[in-house]
Amino acid sequence: TGNQWGYGKDDGPSAWNTNYPVADGDRQSPIDILPHQARHDPNLGPIVLNYDRCTSINIANNGHSVVVEFEDSDDRSVIQGGPLDNPYRLKQFHFHWGGKGCHGSEHTVEGNSYASELHLVHWNAVKFKTFGEAASTSDGLAVLGIFLETGDEHRWLHMITDALYTVKFKGSVTDFKGFNPKCLLPSSLHYWTYLGSLTTPPLHESVIWIVVKEPMIVSEKQLGKFRTLVFTGEEEDERTRMENNFRPPQLLKGRTVRSSN
Ligand SMILES: NS(=O)(=O)c1ccc(C(=O)NCc2cccc(O)c2)cc1
Ligand SMILES: [Zn+2]
């Protein structure tokens, strides 16, 4: 029905432009980042995350990813600094990942992809009244992208992976209070930044992307738990494992990628 989209052969990224023509636009995401061609900009200050009073609400399987939603009725958890002119409110975070052993990040670095990518989604509540309005207007959103690389176990990711069994099926939502995503961030927040889009339909060209250079390290076992989710609802008969829910890199079309340092 309507604009159903997914990551399969018939409804995947190569078919999205049918219902969402902006898929072929001039500022689409993700992209392949070439560090040596990124412009180091000394005016780019550090990213500042004020998440200390953040309020997580729930964790959900929306049929495309697993999403943790936050209370965003005030400026209790914001990102600012760097390329941002205003504070942007944390709305949700979610992940993209691959199949066993293969890659799953959306952004790539010199053609290399990581096992997964975390997206912390923020919106400009100074300029816009609602997330929806911000999400469909240029620079209404700021998404902080963090690569996940396999290695040692991540000491805090278990708080997410231990909850995944409660949201196995599309449409499931469970309480998820008291989680502060600051515990997921790598030690350095040096980043690349460029103007892009949502990486899933409606693919609005409304995102200031901030991609952190240093990956967070998680174990293969922890990553494997994401693959126990399914794209399909509990009532559907076929169970399609949720994996490879990533869009491949899109053309840069003359855009500049800046580097913090
Ligand atoms: N993968 S991503 O971070 O680019 C991304 C972030 C948020 C969304 C999203 O919020 N989609 C739903 C949506 C879009 C526009 C307006 C809405 O009210 C909701 C989609 C992709
Ligand atoms: Zn995403």
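Colleague: His94 and His96: buried or exposed?
Modeller: In this predicted model, His94 is buried, and His96 is buried as well.

Colleague: Which residues coordinate the zinc ion (ligand 2)?
Modeller: His94 and His96 each coordinate the zinc ion (ligand 2) through NE2, while His119 does so through ND1, at 2.0 Å.

Colleague: How are the donor residues spaced in sequence?
Modeller: The donor residues of the zinc ion (ligand 2) follow the spacing H-x1-H-x22-H.

Colleague: And what is the geometry of the site?
Modeller: The site of the zinc ion (ligand 2) is tetrahedral, with angles of 99 to 116° among its four donor atoms.

Colleague: Turning to ligand 1, which residues come nearest?
Modeller: There are 15 residues around ligand 1, and those that come nearest are His94, His96, Leu198, Thr199 and Thr200.

Colleague: What does Thr199 contact there?
Modeller: A polar side-chain atom of Thr199 is 2.8 Å from a nitrogen atom of ligand 1.

Colleague: What about the zinc-binding histidines, His94 and His119?
Modeller: For His94, a polar side-chain atom lies 3.3 Å from a nitrogen atom of ligand 1. For His119, the partner is an oxygen atom of ligand 1, at 3.4 Å from a polar side-chain atom.

Colleague: How much of ligand 1 does the protein bury?
Modeller: The protein buries 75% of the 490 Å² that ligand 1 exposes when taken alone.

Colleague: Which pocket is that?
Modeller: Ligand 1 takes up the space of the largest pocket.

Technical notes: Residues are numbered from 1 along each chain as its sequence is written. Chains are lettered from A and ligands numbered from 1 in the order in which they are written. This is a predicted model: local features need pLDDT of at least 70, side-chain atom pairs count only at pLDDT 80 or more; totals for chains, interfaces and linings use all residues. Side-chain values use heavy atoms; hydrogens and water are left out. Donors are N, O and S atoms within 2.8 Å of the metal (3.2 Å for Na, K and Ca); water is not among the atoms, so sites may look incomplete. Four donors count as tetrahedral if all angles lie between 85 and 135 degrees; four count as square planar and six as octahedral if opposite donors are over 155 degrees apart and all others between 65 and 115; anything else is irregular. Buried means under 20% relative accessible area, exposed over 50%, partly exposed in between (1.4 Å probe, protein chains only). A residue is near a molecule or strand if one of its heavy atoms lies within 4 Å of it. A polar contact is a pair of N or O atoms within 3.5 Å; within protein, one must be able to donate a hydrogen and the other to accept it, and residues adjacent in sequence count only if both atoms are side-chain atoms. Accessible areas come from the Shrake-Rupley method with a 1.4 Å probe; for residues, only the protein chains shown count as cover. On a 1 Å grid over the protein atoms alone, a cavity is a set of points where a 1.4 Å probe fits but cannot get out, and a pocket is an open set with protein on both sides within 12 Å along at least five of seven lines; lining residues have an atom within 4 Å of a point. A molecule sits in a cavity or pocket if more than half of its atoms lie within 2 Å of its grid points.
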